Amino acid sequence: MACRLSASSSYTVVIIPLRTSLYSQEALRFYLWIKRMKDLEKEKDALWSGLEILEKGRLWYIQRLAENRALRCVESRNGSGIHHKRPAEASSCLPTHIQRVNGSLGSIMSEPNVSSNPCLSDPLADSDLRWQNTVLTQKVSEKNRQISVLEMKKEFLMEELEDLQAC
């Protein structure tokens, strides 16, 4: 996944020591809060980027409207069906593309709640599950390490017992 950062974007890294365990509820809440702040920052960047594109699009629409108006004025004066500036093929595809863009923008703006979008479905729940999975995996690893240490101690004690019985 690639991210494009504009020159005006700035990010701050904050490291806050926790007074309790890394696996505590406080740590989990802090992690989820940081994750939410990061998601909001990404959303803000995407919105600013979209606003820039919309502004360029607005200027493009205004330019096309002026060209259209000028062409209609020339056509009405000449009264001929000859196209002076644009070839027929290029101008015939343009309305289809414009209608597609208008429809996409309209559907985005008419959504009552962006979070109803399935690709954005509850990122907090997802990150919560990932965090819990990480914590559980680390606990299992620690228990496995403890089991290994106990097995080594058992083996050492068994050898010691055999040595004592042999004497």
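Here a trainee and a mentor talk through a predicted model.

Trainee: What makes up the chain, in helices and strands?
Mentor: The chain has 3 helices and 0 strands. Along the sequence the pattern reads α-α-α.

Trainee: How many aromatic pairs does the structure hold?
Mentor: There are 2 aromatic pairs.

Trainee: Why is the pair of F30 and W33 called tilted?
Mentor: Look at the angle. The ring planes of F30 and W33 stand at 35°. Stacked needs under 30 degrees and edge-to-face needs over 60, so the rest count as tilted. The pair of F30 and W33 is therefore tilted.

Trainee: What makes these two rings a pair at all?
Mentor: The distance between centres. Rings pair if their centres lie within 6.5 Å. The centres of F30 and W33 are 6.1 Å apart, so they pair.

Trainee: Where do F30 and W33 sit along the chain?
Mentor: Both belong to helix α1, residues 25-78. They are 3 residues apart, so about one helical turn separates them.

Trainee: How do you know whether F30 is buried or exposed?
Mentor: Neither word fits. Buried means under 20% and exposed means over 50%. F30 has 23% relative accessibility, so F30 is partly exposed. W33 has 47%, so W33 is partly exposed too.

Trainee: Why is the pair of W60 and Y61 called edge-to-face?
Mentor: The planes of W60 and Y61 make an angle of 85°. Edge-to-face needs over 60 degrees, so the name fits. Their centres are 5.5 Å apart.

Trainee: What accessibility class do W60 and Y61 have?
Mentor: W60 has 30% relative accessibility. Y61 has 28%. These values fall between 20% and 50%, so W60 and Y61 are partly exposed.

Trainee: Which residues form a nonpolar patch on the surface?
Mentor: W33, I34, M37 and L40. Together they have about 360 Å² of accessible area.

Trainee: What makes I34 fit for a patch?
Mentor: A patch residue needs over 30% relative accessible area. I34 has 33%, so I34 passes that cut-off. I34 is in helix α1.

Trainee: How much of the chain is buried?
Mentor: Buried residues are 6% of the 167 residues. The chain exposes about 14,600 Å², with 62% supplied by carbon and sulfur atoms.

Trainee: Where does UniProt place the coiled-coil region?
Mentor: The unreviewed UniProt entry places this feature at residues 140-167. In the model, that span is 96% helix and 0% strand. Its end C-alpha atoms lie 41 Å apart.

How values were computed. Residues are numbered from 1 along each chain as its sequence is written. This is a predicted model: local features need pLDDT of at least 70, side-chain atom pairs count only at pLDDT 80 or more; totals for chains, interfaces and linings use all residues. Side-chain values use heavy atoms; hydrogens and water are left out. UniProt positions are given in the numbering used here, feature names are shortened, and annotations may be inferred rather than shown by experiment. Helices (H or I, at least four residues) and strands (E, at least two) are DSSP runs, numbered from the N terminus. Rings of Phe, Tyr and Trp (its six-membered ring) pair if their centres lie within 6.5 Å; planes under 30 degrees apart count as stacked, over 60 as edge-to-face and the rest as tilted. Buried means under 20% relative accessible area, exposed over 50%, partly exposed in between (1.4 Å probe, protein chains only). Accessible areas come from the Shrake-Rupley method with a 1.4 Å probe; for residues, only the protein chains shown count as cover. Patches are made of residues with over 30% relative accessible area and no salt bridge: like charges are joined within 9 Å, nonpolar side chains (Val, Leu, Ile, Met, Phe, Trp, Tyr) within 5 Å. A salt bridge is a side-chain nitrogen of Lys or Arg within 4 Å of a carboxyl oxygen of Asp or Glu.
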